[in-house]
Amino acid sequence: MSTTSTQQTKTLPTQQSWAKPSAKAIPKETDHLEQGKYGPIFPKSPACYGFSVLAKIIPGREEVFYQYARNIEQAVADQPDCLAVLKLHYLRWVLFPINGQKYFMYQGIFDTDFDKYTEDAVALFTQLGVNTVFENLEGFPTDWKTNPEAFIKFVRDHQCRSFLEYGEYPYVSADEIKRALKLKAAFSDMIDQMQ
């Protein structure tokens with residue numbers, strides 16, 4: 001069993017933990033955390049795994065972010081499972097000014113740990129032959145497709161760690177949510193047919 005799998009097993013909740021909301025304070029110090037391939041392995045929180053990145057946009061490239069968002073919207077419309085390997089729950093992209101300069105905030109919540117998510121993202125973009133919007137951020141490595149460690153270092157260096165995470169239905173994976181919704185739909189159809 002890998003280090004990551006061992007850590008995930010240690011932090012998995014009980015069978016019925018989704019029924020009761022939960023909050024977790026994320027430690028400021030990471031020295032005590034098990035080290036993964038790219039740094040500390042944070043425990044699974046009630047919101048699953050995730051990270052936020054804040055980085056300065058290369059001046060004049062703001063419109064590229066909006067176009068890239070439209071491209072992702074279209075890609076998901078054309079092939080709904082195109083990002084499935086990332087095990088995402090949510091993504092949120094935000095552009096905002098700080099001292100007259102534009103910054104990009106990337107926020108993602110997903111079901112795998114940081115190391116796996118970032119490795120999968122690099123592999124997915126490389127496989128699809130697409131570039132990442134991160135190429136429009138100051139200091140982003142130009143060799144990221146062949147040097148995933150540089151990509152991951154950039155993300156780690158620009159990560160804004162959360163210190164509290166909350167889940168109304170904690171520790172539930174995206175796949176579990178989809179299965180529950182399919183079951184609900186099937187049950188509703190069955191009830192409708194009985195009437």
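**View 1. Arginine 156, a buried charged residue in helix 4.** In this predicted model, arginine 156 has a relative accessible area of 17%, so this residue counts as buried. You can find arginine 156 in helix 4. Which residues does arginine 156 contact, leaving aside its neighbours within four places in sequence? They are Tyr38, Gly39, Pro40, Phe42, Phe114 and Asp115. Three of these partners deserve a look of their own. The charged end of arginine 156 sits over the ring of phenylalanine 114, 4.0 Å from the ring centre. The side chain of arginine 156 also reaches the backbone oxygen of tyrosine 38, at 3.1 Å. Finally, arginine 156 meets the side chain of aspartate 115 in a salt bridge, with 3.8 Å from N to O. That bridge links distant parts of the chain, since aspartate 115 belongs to helix 3 and arginine 156 to helix 4, 41 residues apart. Both aspartate 115 and arginine 156 are buried.

**View 2. Two more salt bridges, glutamate 119 with lysine 37 and aspartate 157 with lysine 153.** How many salt bridges are counted here? The count comes to eight. One of them joins glutamate 119 to lysine 37, whose closest N and O atoms are 3.2 Å apart. Here, too, distant parts of the chain are linked: glutamate 119 is in helix 3, while lysine 37 is in the loop between strand 2 (35–36) and strand 3 (39–40), 82 residues apart. Are these two residues buried or exposed? Glutamate 119 has a relative accessible area of 29%, so it is partly exposed. Lysine 37 counts as exposed because its relative accessibility is 60%. Now turn to aspartate 157 and lysine 153, whose side chains meet in a salt bridge at 2.7 Å, N to O. These two residues both lie in helix 4, four residues apart, about one turn of the helix.

**View 3. Phenylalanine 51 and tyrosine 117, an edge-to-face aromatic pair.** The structure holds 18 aromatic pairs. In this one, the ring centres of phenylalanine 51 and tyrosine 117 are 5.6 Å apart, and there are 75° between the planes. The pair links distant parts of the chain: phenylalanine 51 lies in strand 4 (residues 49–56) and tyrosine 117 in helix 3 (residues 114–128), 66 residues apart. Phenylalanine 51 counts as buried because its relative accessibility is 7%. Tyrosine 117 has a relative accessibility of 3%, so tyrosine 117 counts as buried as well. Not counting residues up to four places away in sequence, phenylalanine 51 touches a list of residues including Tyr106, Phe110, Phe114, Tyr117 and Val155. For a second example, look at tryptophan 144 and phenylalanine 151, a tilted pair with 5.9 Å centre to centre and 40° between the planes. Both tryptophan 144 and phenylalanine 151 are buried.

**View 4. The largest nonpolar core, with 28 residues.** Which residues have the most contacts inside this core? They are Phe51, Phe104, Phe134, Leu137 and Phe151. The elements that give two or more residues to the core are strand 4, helix 2 (62–78), strand 6 (101–110), helix 3 and helix 4 (148–158). Helix 3 provides the largest share, six residues. In soluble globular proteins, nonpolar side chains tend to be buried together.

**View 5. Proline 170, a buried residue in a loop.** Proline 170 lies between strand 7 (164–167) and helix 5 (174–194). Its relative accessibility is 1%, so proline 170 counts as buried. Leaving aside neighbours within four places in sequence, proline 170 is in contact with Ser17, Trp18, Lys20, Pro21, Ser22 and Pro46. Try finding cysteine 48 too: cysteine 48 and proline 170 are 122 residues apart in sequence, and 7.5 Å apart in space, C-alpha to C-alpha.

**View 6. Lysine 87 and asparagine 99, two residues with positive phi.** Most residues other than glycine have a negative phi. Lysine 87 has a positive phi, near 55°, and lies in the loop between helix 2 and strand 5 (88–98). Lysine 87 counts as partly exposed because its relative accessibility is 33%. Asparagine 99 also has a positive phi, near 50°, and is found in the loop between strand 5 and strand 6. With 77% relative accessibility, asparagine 99 counts as exposed.

Notes: Residues numbered from 1 in each chain as written. Predicted model: local features only at pLDDT ≥ 70, side-chain atom pairs only at ≥ 80, totals over all residues. Heavy atoms only, no water. Phe/Tyr/Trp six-rings, centres within 6.5 Å; stacked < 30°, edge-to-face > 60°. Buried < 20%, exposed > 50% of the residue type's maximum accessible area, 1.4 Å probe, protein only. Lys NZ or Arg CZ within 6 Å of the ring centre and 35° of its normal. Core = buried A, V, L, I, M, F, W, Y, C linked by side-chain atoms within 4.5 Å. Contact = heavy atoms within 4.5 Å. Polar contact = N/O pair within 3.5 Å; in protein donor to acceptor, adjacent residues only side chain to side chain. Salt bridge = Lys/Arg side-chain N within 4 Å of Asp/Glu carboxyl O.
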